[in-house]
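Open the model in your viewer and keep the sequence panel beside it. Each stop below names something to select and then tells you what is there.

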Amino acid sequence: MSSCEVDLFRDTWVRYLGYANEVGESFRSLVPVKVVRASYAVAFAYAFADTADKGWKMYQNDGRPKKVLIETGDALIWQTLASVVIPGFTINRICAYTNNYLQKNAKRLPPTPRSLVTVAVGLASIPFIVHPIDNGVTLLMNLTYRRWIH
């Protein structure tokens, strides 16, 4: 992909589909666990779609199996870390800490409003974690996988 070409899966609104599990994590205190798991299914579907896209583009450009495998491996690792694992853990912890803080310091706040505040904090955190996580995973990939492969 040329440097001026827009990557549908990483440079457009489609990127936010990878953060569906963060929405699920934010609502964990209010919804059945099946809803949270479904949000992870959406995030993984996005990650697999980006992986397939990168593999297909490499196949069209080069066609050598080794290059295709390296590119798909890169995309799958990047997406798994940047879209699912790190942000899911981050929002889960933000919500857990928020809930614990409210339980200890706002004892008069009933459980439902406390859960709503926890959800709001989780949702409000998502836009702030997207770019730092993406950039951090890119740096991690540059220092590890991409260095080892090339």
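Start by selecting Asp62, which counts as partly exposed because its relative accessibility is 30%. (Partly exposed lies between buried, under 20% relative accessible area, and exposed, over 50%, with a 1.4 Å probe and protein chains only.) Now add Arg64: Asp62 forms a salt bridge with Arg64, and the closest N and O atoms are 2.8 Å apart. (A salt bridge here is a side-chain nitrogen of Lys or Arg within 4 Å of a carboxyl oxygen of Asp or Glu.) Arg64 is also partly exposed, at 48% relative accessibility.

A word on what you are viewing: this is a predicted model, in which local features need pLDDT of at least 70 and side-chain atom pairs count only at pLDDT 80 or more, while totals for chains, interfaces and linings use all residues. Residues are numbered from 1 along each chain as its sequence is written, and side-chain values use heavy atoms, with hydrogens and water left out.

Next, select Lys54 and Asp53. Their side chains meet in a salt bridge at 3.3 Å, N to O. Are these two residues buried or exposed? Lys54 counts as buried at 7% relative accessibility, and Asp53 counts as buried at 18%. Extend the selection to Asp7, Arg10, Asp50 and Lys57, which are linked with Asp53 and Lys54 in a network of salt bridges.

Stay in this region of the sequence and pick Ala52, found in helix α3 (residues 33–61). (Helices are DSSP runs of H or I with at least four residues, strands are runs of E with at least two, and both are numbered from the N terminus.) Ala52 is partly exposed, with a relative accessible area of 49%. Draw a distance from its C-alpha to that of Glu71: the two are 19 residues apart in sequence and 9.7 Å apart in space.

Now go to Asp134 and Arg15. Their salt bridge has its closest N and O atoms 2.6 Å apart. Asp134 lies in helix α5 (residues 111–143) and Arg15 in the loop between α1 and α2, so the pair ties together parts that are 119 residues apart in sequence. Both Asp134 and Arg15 are buried. Across the model, the count comes to nine salt bridges.

Which residue of the loop between α1 (8–11) and α2 (20–26) should you select next? Choose Trp13, whose place is in that loop. Trp13 counts as exposed because its relative accessibility is 63%. Show Tyr16, Leu17 and Val42 as well: with Trp13 they make a nonpolar surface patch of about 450 Å². (Patch residues have over 30% relative accessible area and no salt bridge; like charges are joined within 9 Å, and nonpolar side chains, meaning Val, Leu, Ile, Met, Phe, Trp and Tyr, within 5 Å.)

Finally, zoom out to the whole protein chain. There are six helices and zero strands. The C-alpha atoms fill a box of roughly 65 × 30 × 25 Å, taken along the principal axes. Buried residues make up 37% of the 150 residues. The accessible surface comes to about 9000 Å², of which 67% belongs to carbon and sulfur atoms; such areas come from the Shrake-Rupley method with a 1.4 Å probe, and for residues only the protein chains shown count as cover.
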